[in-house]
Amino acid sequence: QVQLVESGGGLVQPGGSLRLSCAASGRIVSINTMGWYRQVPGKQRELVAAITSGGSTNYADSVKGRFTISRDNAKNTVYLQMNSLKPEDTAVYYCNVDRVRGFTWVETNVWGQGTQVTVSS
């Protein structure tokens, strides 16, 4: 019923910036919390940042002051602006929505396909 499509990953030098986007497609009425997670091989997926439908945000301590999450409710899209990137930010970044409602359906815990972010000189 809903698909999340991410874009914006790539290779960047330390100290550089990237902006990730995630658009939710489908006949959507509302989306609760949208978030970004990341995962490196051999480690658990971890929350990077999340934003509620009302605009409240939550960040991992490791990215506070460097990353900014935002959303455009009219476009069902969430963004992650990543500044001052470090090599330890290298990971696959996944978009997530905790609950999305259509006219006749509800889906929970929906994931995007992931986008690679590599920070290296």
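**Entry 1. The disulfide**

I began with the torsion about the S-S bond of C22 and C95, which is about -80 degrees, so the disulfide is left-handed. The two cysteines belong to distant parts of the chain, C22 to strand 3 and C95 to strand 10, with their positions 73 residues apart. I note that the model is predicted. The sulfur atoms of C22 and C95 lie 2.1 Å apart, and the structure holds 1 disulfide.

I then asked whether C22 is buried or exposed. C22 counts as buried because its relative accessibility is 0%, below the 20% limit. For C95 I found a relative accessible area of 0%, so this cysteine is buried.

**Entry 2. The nonpolar core**

I looked up the largest nonpolar core and found 32 residues in it. W36, L80, M82 and Y93 have the most contacts inside this core. I listed the elements that give two or more residues to the core: strand 3 (18-25), strand 5 (34-39), strand 6 (46-51), strand 8 (67-72), strand 9 (77-82), strand 10 (91-101) and strand 12 (115-119). Strand 10 supplies the largest share, 5 residues.

I next took L80 and set aside its neighbours within four places in sequence. L80 is then in contact with L18, R19, L20, W36, V48, A49, F67, T68, I69 and Y93.

**Entry 3. The partners of strand 10**

Which strands pair with strand 10 was my next point, and I took the partners in turn. Strand 4 (residues 30-31) runs antiparallel to strand 10 and is joined to it by 2 bridges. Here I31 has V100 as its bridge partner in strand 10.

Strand 5 pairs with strand 10 over 6 bridges, again in the antiparallel sense. I located M34 opposite V97 of strand 10.

Strand 11 (residues 106-111) pairs antiparallel with strand 10 over 5 bridges. N96 stands opposite W111 of strand 11. A hairpin of 4 residues makes the connection from strand 10 to strand 11.

Strand 12 is joined to strand 10 by 3 bridges, and the two run antiparallel. In this pairing, Y93 has T115 of strand 12 as its bridge partner. Y93 is also one of the residues with the most contacts inside the largest nonpolar core.

**Entry 4. The open sheet 1-3-9-8**

I traced an open sheet of 4 strands in the order 1-3-9-8, with antiparallel pairing. Strand 1 (3-7) and strand 8 stand at its edges; each has a single partner strand, so one side of each is left without a neighbour in the sheet. On average, neighbouring strands of this sheet are turned by 15 degrees against each other, direction ignored.

I checked the pairing of strand 1 with strand 3 and found 5 bridges in the antiparallel sense. V5 has A23 of strand 3 as its bridge partner.

**Entry 5. T77**

Finally I turned to T77, which I placed in strand 9. Is T77 buried or exposed? T77 has a relative accessible area of 7%, and therefore it is buried. A polar atom of the T77 side chain lies 2.9 Å from the backbone oxygen of K75.

Leaving aside neighbours within four places in sequence, I found T77 in contact with C22, A23, M34, S70, R71 and D72. Three of these names recur in my earlier entries: C22 in the disulfide, A23 as the bridge partner of V5, and M34 opposite V97.

Key: Residues are numbered from 1 along each chain as its sequence is written. This is a predicted model: local features need pLDDT of at least 70, side-chain atom pairs count only at pLDDT 80 or more; totals for chains, interfaces and linings use all residues. Side-chain values use heavy atoms; hydrogens and water are left out. A nonpolar core is a set of buried Ala, Val, Leu, Ile, Met, Phe, Trp, Tyr and Cys residues joined through side-chain atoms within 4.5 Å. Buried means under 20% relative accessible area, exposed over 50%, partly exposed in between (1.4 Å probe, protein chains only). Contact means heavy atoms within 4.5 Å. Two strands pair if DSSP finds at least two bridges between them. A disulfide is a pair of cysteine sulfur atoms within 2.5 Å. A polar contact is a pair of N or O atoms within 3.5 Å; within protein, one must be able to donate a hydrogen and the other to accept it, and residues adjacent in sequence count only if both atoms are side-chain atoms. Axes are lines fitted to C-alpha atoms, for helices over the stretch in contact, and angles run from 0 to 180 degrees between N-to-C directions.
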